[in-house]
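Work through the following exercises with the sequence and the model at hand. Each task is followed by a solution in steps.

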Protein chains: 2
Amino acid sequence: MLDPFLLRPMLEAAINIVDHTDALIRDRYEMDFTHRKKADRSVVTDIDLAVEEYVRNEIARRFPEHGVIGEEMGSSHPDRRLQWVIDPIDGTMSLRHRIPLFGTLLALLDGERPVVGVVSLPMIGERAWAARDLGAFVNGERSRLNDVAEGDIVDEIIAIGERRQFTAVDREAHFDELIRAHPGVRVYCDCFGHMLAFRGSVGAMIDYGLRIWDLAPSRLIIEEAGGVFEIVGEHDGDGATRYDVILGKPTVVRWIKAQLAI
Amino acid sequence: MLDPFLLRPMLEAAINIVDHTDALIRDRYEMDFTHRKKADRSVVTDIDLAVEEYVRNEIARRFPEHGVIGEEMGSSHPDRRLQWVIDPIDGTMSLRHRIPLFGTLLALLDGERPVVGVVSLPMIGERAWAARDLGAFVNGERSRLNDVAEGDIVDEIIAIGERRQFTAVDREAHFDELIRAHPGVRVYCDCFGHMLAFRGSVGAMIDYGLRIWDLAPSRLIIEEAGGVFEIVGEHDGDGATRYDVILGKPTVVRWIKAQLAI
């Protein structure tokens with residue numbers, strides 16, 4: 001386990017890198033950009049590629065001994081204990097349609113444990129970060145989730161990924177059951193829903209079929225904010241494991257699991 | 001029918017008023033504010049009340065001969081042909097939970113026809129406005145929707161209100177059918193979904209159980225942008241008519257109606 005004091009410079013490096021990618025994204029958002037469908041029918045734009053290239057170069061320059069796993073450009077140094085994981089644009093569908101609720105995700109894994117994490121949504125100016133045992137911060141302020149009483153769950157908002165994510169892992173029944181069980185379920189997919197969970201604006205986020213780069217920063221940030229992160233499903237195949245996750249206030253996460261009998 | 005040239009100063013007044021309410025909302029958003037449940041179980045905060053009071057005072061000062069209908073404070077001069085309609089905070093549930101996707105709606109009705117409309121989301125800096133026959137503008141630029149080919153509808157995003165809005169008018173079957181029929185349906189309720197429709201980021205917005213102040217600006221803005229606005233249901237009772245609406249690109253609105261057999 002890394003000493004927390006060794007994590008601080010790595011957290012600062014991650015924040016500094018994301019300062020630059022946020023500026024890059026804001027510059028290019030107003031311009032035309034190309035997109036194409038990948039083999040799995042998801043979309044990639046040239047902004048995704050430019051962001052990942054910048055982050056990889058910065059990691060290689062600052063931490064040449066660390067490994068890197070990126071959504072678009074694969075792995076380097078996969079044998080190292082410390083691995084940076086990058087999702088250059090989480091919410092590429094939103095970016096493509098000029099819906100400003102997408103962001104960049106960056107985390108450092110120590111083995112399987114995330115120890116640094118940053119989530120930044122440049123178009124709405126929201127950012128969260130955490131380092132293991134050093135706390136979680138949202139828009140510069142320490143985030144400490146207040147749990148809710150069971151009787152107040154009805155007044156919470158619950159964020160959920162798109163139904164197609166649930167279909168892709170044969171779990172659309174979970175989507176349909178939850179949206180019937182609670183009046184305030186909103187499809188706030190990708191990192192926007194996660195961000196709302198980090199600061200307690202939603203009681204929980206339920207998001208299925210994620211890759212490691214989609215979930216690593218969220219796992220750390222929600223735990224450091226006093227919330228819970230649970231993997232409720234794992235799916236192999238297609239090269240990398242997909243995970244079904246629920247994160248948020250402990251009572252709300254527990255309530256969702258009870259509703260879905262998982 | 002008012003001469004379009006007479007509308008320009010009224011549009012400018014509406015924009016100027018919303019400049020002030022945006023600033024008021026941004027100032028108060030970070031502070032604590034109180035909320036309470038209204039008789040219909042919806043929520044009102046002291047920000048809603050402060051915004052509506054400011055707008056009413058400004059309308060009375062600038063256009064003393066016009067009527068005013070506000071969500072929170074009722075009607076004045078209901079006999080006049082020209083009526084301003086105000087929703088001080090559209091998305092009070094979002095405001096209360098610090099989800100930044102709420103906004104202020106202001107429109108001028110000439111009889112039943114909206115002739116000026118402004119929709120402003122202060123926390124994400126998005127604003128749309130239109131005047132009858134003078135065009136629609138989103139974030140300062142003229143908005144002209146590109147319709148899509150029928151075969152490309154699958155790649156669109158479709159915005160939908162919360163399921164409880166459909167339940168309230170006994171139409172949850174429409175919510176459930178649409179969310180099954182299209183993979184990209186997202187619950188982007190209130191004015192955020194409307195804003196995405198104005199600029200073509202979503203193919204359409206489907207929103208049920210609206211009052212006149214929820215729909216008046218959108219009707220004008222989407223029509224001036226070259227889209228369509230359709231009322232697909234009306235419900236009386238509870239003091240004021242509620243309307244079920246679909247707005248957006250013509251082909252997508254038509255496709256949704258066909259899916260729902262309405």
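**Exercise 1.** Decide whether A:Arg28 is buried, partly exposed or exposed, and find its salt-bridge partner.

Solution. This is a predicted model.
- Step 1: the relative accessible area of A:Arg28 is 27%.
- Step 2: buried means under 20% and exposed means over 50%. A:Arg28 is therefore partly exposed.
- Step 3: the partner of A:Arg28 is A:Asp46, with the closest N and O atoms 4.0 Å apart.
- Step 4: A:Arg28 belongs to helix H1 (residues 4–29) of chain A and A:Asp46 to helix H2 (residues 46–62) of chain A, so the pair, 18 residues apart, links distant parts of the chain.
- Step 5: A:Asp46 has 26% relative accessibility and also counts as partly exposed.

**Exercise 2.** Describe the sheet of chain A that contains strand E7, and state which strands stand at its edges.

Solution.
- Step 1: the sheet is open and has eight strands, in the order E4-E3-E5-E6-E7-E8-E9-E10 (chain A), with mixed pairing.
- Step 2: strand E4 (74–76) and strand E10 (141–142) of chain A each have a single partner strand, so one side of each lacks a neighbour in the sheet. These are the edge strands.
- Step 3: within the sheet, E7 (residues 113–121) and E8 (residues 126–131) of chain A run antiparallel and are joined by six bridges.
- Step 4: A:Leu121 stands opposite A:Glu126 of E8(A).
- Step 5: helix H7 (residues 212–224) of chain A lies across E3, E5, E6, E7, E8 and E9 of chain A, at about 100° to E7(A).

**Exercise 3.** Which residue forms a salt bridge with A:Glu126, and which parts of the chain does the pair tie together?

Solution.
- Step 1: the partner is A:Arg199, with 2.8 Å between the closest N and O atoms.
- Step 2: A:Arg199 lies in the loop between H6 and strand E13 (204–210) of chain A, and A:Glu126 in strand E8 of chain A, so the pair ties together parts 73 residues apart in sequence.
- Step 3: A:Glu126 is buried at 7% relative accessibility, whereas A:Arg199 is partly exposed at 22%.

**Exercise 4.** How many residues of helix H6 (residues 190–198) of chain B are buried?

Solution.
- Step 1: the buried residues include B:Asp190, B:His194 and B:Phe198.
- Step 2: the count is nine of nine, so H6(B) is largely enclosed by the rest of the structure.
- Step 3: just after H6(B), B:Gly200 has a positive phi of about 75°.

Technical notes. Residues numbered from 1 in each chain as written. Chains lettered and ligands numbered in written order. Predicted model: local features only at pLDDT ≥ 70, side-chain atom pairs only at ≥ 80, totals over all residues. Heavy atoms only, no water. Pairing = 2+ DSSP bridges. Helix = DSSP H or I, 4+ residues; strand = E, 2+ residues; numbered from the N terminus. Contact = heavy atoms within 4.5 Å. Axes fitted to C-alpha atoms, helices over the stretch in contact; angles between N-to-C directions. Buried < 20%, exposed > 50% of the residue type's maximum accessible area, 1.4 Å probe, protein only. Salt bridge = Lys/Arg side-chain N within 4 Å of Asp/Glu carboxyl O.
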